[in-house]
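Good morning, everyone, and thank you for making the time. I would like to walk through one model with you, beginning with the overall picture and then turning to a few individual residues.

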Amino acid sequence: MSDSRVESVVTFRHPIKLRGFDTPQAAGTYRLVADMEELQGLSFMARRRTALRLYLPDLSVSALPESEVEISQGELDGLIAHDASLG
């Protein structure tokens with residue numbers, strides 16, 4: 001079984017409120033990493049996501065140590081939609 005990572009970024013124009021955090025995270029661009037695993041036994045290549053992590057703080061803050069938060073696709077979609085609704 002072959003595992004891989006898919007890295008991307010997501011940008012929020014407004015502070016975001018993550019589940020499990022008392023204070024909002026700053027607006028900015030965050031690194032997002034999806035862990036993927038290859039599905040075996042199929043006649044074509046397919047992968048499924050096994051984890052999705054958002055890295056804190058945003059990429060503009062290099063002085064602070066980086067940490068990661070596991071996030072669901074639903075929570076991420078909600079954060080993106082809420083950010084977009086604020087204009």
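What you have in front of you is a predicted model, and the secondary structure of its chain comes to 1 helix and 4 strands. Followed along the sequence, these elements come in the pattern β-β-β-β-α. The radius of gyration is 15 Å, which is well over the 12 Å that the globule rule gives for 87 residues, so the chain is more spread out than a compact globule. Taken along the principal axes, the C-alpha atoms fill a box of roughly 45 × 30 × 20 Å.

Before going further, a word on confidence. The average pLDDT of the chain is 91, and 98% of the residues score at least 70. Among the elements, the highest mean pLDDT, 97, belongs to helix α1, residues 73-85, whereas strand β3, residues 47-56, has the lowest, at 88.

Let me stay with the whole chain a little longer. Of the 87 residues, 33% are buried, and the accessible surface comes to about 5600 Å², with carbon and sulfur atoms accounting for 55% of that area. If we take the contacts between residues at least 6 apart in sequence, 46% of them join residues that are at least 24 apart. As for charge, there are 9 positive and 13 negative side chains, and the centres of these two sets lie 2 Å apart.

Now to individual positions, and I will start with L32, which lies in strand β2, residues 28-38. Is L32 buried or exposed? Its relative accessible area is 9%, under the 20% cut-off, and therefore L32 counts as buried. Which residues does L32 touch, once we set aside those up to four places away in sequence? The list is V6, E7, S8, V9, L52, R53, L54 and L76. L76 falls within the residue range of helix α1, while L52, R53 and L54 fall within that of strand β3.

A second position worth a look is V69, found in strand β4, residues 67-70. L32 and V69 are 37 residues apart in sequence, and their C-alpha atoms are 9.7 Å apart in space. V69 is also buried, with a relative accessible area of 15%. Leaving aside neighbours within four places in sequence, V69 is in contact with F21, L52, R53, L54 and L56. For one of these partners, L54, the C-alpha to C-alpha distance to V69 is 5.3 Å, across a separation of 15 residues in sequence. Taking the two contact lists side by side, L52, R53 and L54 appear both for L32 and for V69.

L56, which we have just met as a contact of V69, brings me to a detail of the backbone. The peptide bond from L56 to P57 is cis, with omega near -5°, and P57 is found in the loop between β3 and β4.

Finally, I would like to draw your attention to two glutamates. E37 is found in strand β2, and at 14% relative accessibility this residue counts as buried. The C-alpha atoms of E37 and L79, which are 42 residues apart along the chain, are separated by 25 Å. E75, for its part, has its place in helix α1, and with a relative accessible area of 16% E75 is buried as well. Where, then, does E75 make contact, not counting residues up to four places away in sequence? E75 touches L18 and R19. E75 and L18 are 57 residues apart in sequence, yet 8.3 Å apart in space, C-alpha to C-alpha.

Technical notes. Residues are numbered from 1 along each chain as its sequence is written. This is a predicted model: local features need pLDDT of at least 70, side-chain atom pairs count only at pLDDT 80 or more; totals for chains, interfaces and linings use all residues. Side-chain values use heavy atoms; hydrogens and water are left out. The radius of gyration is taken over C-alpha atoms; the globule rule is 2.2 Å times the number of residues to the power 0.38. Buried means under 20% relative accessible area, exposed over 50%, partly exposed in between (1.4 Å probe, protein chains only). Contact means heavy atoms within 4.5 Å. Accessible areas come from the Shrake-Rupley method with a 1.4 Å probe; for residues, only the protein chains shown count as cover. Lys and Arg count as positive and Asp and Glu as negative; His and the chain ends are not counted. The place of a charge is taken as NZ of Lys, CZ of Arg, CG of Asp or CD of Glu. pLDDT is the predictor's confidence in each residue, from 0 to 100.
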